[in-house]
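User: I'd like a close look at one part of this model, please, and then a walk outward from there.

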Amino acid sequence: MIALIDSGLGLLPTATLLRRARPEADLLLANDPAGAPWGPKPAGWVRGRVLDLVQESLDRGARGIVLPCNTASVIALQQVRERVGDGVPVVGTVPAIKPAAARCRRFAVWATAATTASEYQANLIRTFAADREVTAVACHGLAEAIDHDDAERIELALAEAVRATPDDVEGVVLGCTHYPLVADRIRALLPGVEIFDSSAAVVAQTLRRIPADGGGGRTEVVTHGGVAPTADLLKRLAGTTAIGG
């Protein structure tokens, strides 16, 4: 079983691609709707929630952990690796800054406030895009609006992000795994701008790091603190079973 851990719906793009690439794998979608979104929360609090879900995933038989969440990866990736030990592969998420820098002279990175303010993102920009014009855009409320399937709040958050993005950018990096769920809307608002997200790279790394060992192709959902409305949205994946956490 492979566990994917996020506060809410941000794990869906990665889970969908992973299901296509490895249809026989058992997937556990572990989320925390009661604490979502993680982006604005204190780092120590987020780390505790992530580690709680990691432990529950291990207790349910997970043999690999994926964090398809930039905030969780920034704040807790090292602690997750320490918790699970060398015998359980752990895959984190890295914003697609390197591929954007390879294709664009000017681009923006849309992310949560926590990721935008993090030394982690700043270091990625220094390492891979030092000679590029990079604008960091904190998309306040967008992940939460996506989790709640709130079309009006999504539009307001997207409009604010577009206003903060220079008109001459050639690309936008989706630095939160929730954002690909509204990628079509982002493309409509930014015609001609190339959109980069990390879902495919996370899946490729998962396939490399976590060996295939059979399974029945089940997809289960476990939520921190019990079944919540987010689980109903997660169950859009075929064959999903909701489990109280």
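How near do the axes of helix 2 and helix 3 come, and at what angle do they cross?

Analyst: Happy to help. This is a predicted model, in which local features need pLDDT of at least 70 and side-chain atom pairs count only at pLDDT 80 or more, while totals for chains, interfaces and linings use all residues. Residues are numbered from 1 along each chain as its sequence is written, and side-chain values use heavy atoms, with hydrogens and water left out.

Two packed helices are described by the angle between their axes and the distance between the axes. For helix 2 (residues 43-59) and helix 3, the axes come within 9 Å and cross at roughly 45 degrees. Axes here are lines fitted to C-alpha atoms, for helices over the stretch in contact, with angles running from 0 to 180 degrees between N-to-C directions. Helices (H or I, at least four residues) and strands (E, at least two) are DSSP runs, numbered from the N terminus. Helix 2 and helix 3 are therefore oblique to each other; under 35 degrees counts as roughly parallel, over 145 as roughly antiparallel, 65 to 115 as roughly perpendicular, and the rest as oblique. The crossing of helix 2 and helix 3 is right-handed, meaning the near helix is turned clockwise from the far one by less than a right angle, where anticlockwise would be left-handed.

On the helix 2 side, the contact (heavy atoms within 4.5 Å) uses Ala43, Val46, Arg47, Val50, Leu51, Val54, Gln55 and Leu58; helix 3 answers with Thr71, Ala72, Ile75, Ala76, Gln79, Val80, Arg83 and Val84. That contact has 11 nonpolar, three polar and two charged residues, counting Ala, Val, Leu, Ile, Met, Phe, Trp, Tyr, Cys and Pro as nonpolar, Asp, Glu, Lys and Arg as charged, and the others, Gly among them, as polar.

Just before helix 2, the loop from strand 2 (27-31) holds Pro37, and the peptide bond from Ala36 to Pro37 is cis, with omega near -5 degrees.

Thr71 of helix 3 also leads to a cavity. On a 1 Å grid over the protein atoms alone, a cavity is a set of points where a 1.4 Å probe fits but cannot get out, a pocket is an open set with protein on both sides within 12 Å along at least five of seven lines, and lining residues have an atom within 4 Å of a point. One cavity of 30 Å³ or more turns up in the whole structure. The largest cavity holds about 70 Å³, a volume being the space filled by probe spheres set on the points, which are joined across faces, edges and corners. Its lining has 13 residues, and Cys69, Thr71, Thr112, Cys176 and His178 are the closest to its centre. By class, the lining of the largest cavity has five nonpolar, seven polar and one charged residues.

Helix 3 (70-84) reaches the largest pocket too, where helix 3, helix 4 (97-103), helix 6 (119-128) and helix 10 each supply at least two lining residues. This pocket has a volume of about 290 Å³, and of its 20 lining residues Val94, Pro95, Ala96, Ser198 and Ala201 lie nearest its centre. Helix 10 gives the largest share of that lining, four residues.
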